[in-house]
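Biologist: I should like to learn how to read a model of this kind, feature by feature. Could you guide me through it?

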Amino acid sequence: LFELMVKLGELERDDVPRLEKMVEEGKEPEQALLEMGVVHHSRIYYLKQILAREIIIRACSHRQGQFQFFETQDFLDRVPLYDINPLEVIYEVINHFHLQQLPETIQKFGKAQIQLNPEISKLERLPDVFYQRIYLLDCFQRPLSVEEAVSVFINEFRDLNQALGMFYFAYASGILEIKRPS
């Protein structure tokens, strides 16, 4: 939290050792910041949201491995994750880190068929860019080939990277499901 505040210009680097000493003496980082009069409660809450997003985004930037958050972790107890839209973060991660490898990833789907996941009863907390184009889901009421599905997004976005990012997001979030030929 201190490093993030320094990076954002909200805390002087010289203040960090003093804050760290207060933490070593048993104070919570938030309590130390409040005692120093550096920020208010609402700003700490906002900064913790930014910090949580950054941690998730950095974890998702790795090219291999699996990531899982456990509810018992101390991190989850201290960070206001319930105000962070995980799907918005995933969409941001895909667009930031994975666009370059998406053509190869999507090509591996081969002759699979794509359609709307029938178990999706309602869509909650999707990225704004998705809500602005929710009508695209109508195209997936019947199975489409991967090529046809990507074409739907290309026709909408007129940009290959955006189209592939949205296609992959819809697949990765479970909105669209892929059925491979048997």
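Modeller: We shall go from the overall layout to helix faces, helix packing and single residues. Please keep in mind that the model is predicted.

Biologist: How many helices and strands does the secondary structure of the chain come to?

Modeller: The chain has 10 helices and three strands. Read from the N terminus, the order of its elements is α-α-α-α-α-α-α-β-α-β-α-α-β. The chain counts 182 residues, 37% of them buried. Among contacts between residues at least 6 apart in sequence, 67% join residues at least 24 apart.

Biologist: Let us turn to a single helix. Which residues in helix H2 are buried?

Modeller: In H2, which spans residues 16-24, the buried residues are Val16, Leu19 and Met22. They lie on the same side of H2, because the arc they cover around the axis is only 120 degrees. Arg18, Lys21 and Glu24, on the other side of H2, are exposed.

Biologist: Against what do the buried residues of H2 pack?

Modeller: Their partners are helix H1 (2-7) and helix H3 (29-36). After H2 comes Gly26, which has a positive phi near 115 degrees.

Biologist: How should I describe a pair of packed helices?

Modeller: Two packed helices are described by the angle between their axes and by the distance between those axes. For H2 and H3, the angle is about 130 degrees and the axes are 9 Å apart. H2 and H3 are therefore oblique to each other. The crossing of H2 and H3 is right-handed.

Biologist: Which residues in H2 and H3 meet?

Modeller: From H2, Arg18, Leu19, Met22 and Val23 take part, and they meet Pro29, Ala32, Leu33, Glu35 and Met36 in H3. By class, the residues of this contact are seven nonpolar, no polar and two charged. Leu19 and Met22 thus appear twice in our reading: they are buried in H2, and they also meet residues of H3. Arg18 is exposed, yet it too is among the residues of H2 that meet H3.

Biologist: May I try the same reading on helix H6 and helix H10? At what angle do H6 and H10 pack?

Modeller: H6 (residues 86-98) and H10 pack at about 140 degrees, and their axes are 10 Å apart. That angle makes H6 oblique to H10. Their crossing is right-handed. On the side of H6, the contact is formed by Leu87, Ile90, Tyr91, Ile94 and Asn95; on the side of H10, by Gly165, Met166, Tyr168 and Phe169. These residues divide into seven nonpolar, two polar and no charged.

Biologist: What is there to note about the backbone of Arg158?

Modeller: Arg158 has a positive phi of about 60 degrees, although it is not a glycine. The residue is placed in the loop between helix H9 (146-157) and helix H10 (160-172). Arg158 counts as exposed because its relative accessibility is 67%, and the cut-off for exposed is over 50%.

Biologist: And Gln115: is it buried or exposed?

Modeller: Gln115 is buried, since its relative accessible area is 14% and buried means under 20%. This residue lies in strand E1 (residues 113-116).

Biologist: With which residues is Gln115 in contact, leaving aside its neighbours within four places in sequence?

Modeller: Gln115 contacts Phe140, Arg142, Pro143, Ile175, Leu176, Glu177 and Lys179.

Terms used
Residues numbered from 1 in each chain as written. Predicted model: local features only at pLDDT ≥ 70, side-chain atom pairs only at ≥ 80, totals over all residues. Heavy atoms only, no water. Helix = DSSP H or I, 4+ residues; strand = E, 2+ residues; numbered from the N terminus. Buried < 20%, exposed > 50% of the residue type's maximum accessible area, 1.4 Å probe, protein only. Arc of directions from axis to C-beta. Contact = heavy atoms within 4.5 Å. Axes fitted to C-alpha atoms, helices over the stretch in contact; angles between N-to-C directions. Parallel < 35°, antiparallel > 145°, perpendicular 65-115°, else oblique. Left-handed = near helix turned anticlockwise from the far one by under 90°. Nonpolar A, V, L, I, M, F, W, Y, C, P; charged D, E, K, R; others polar.
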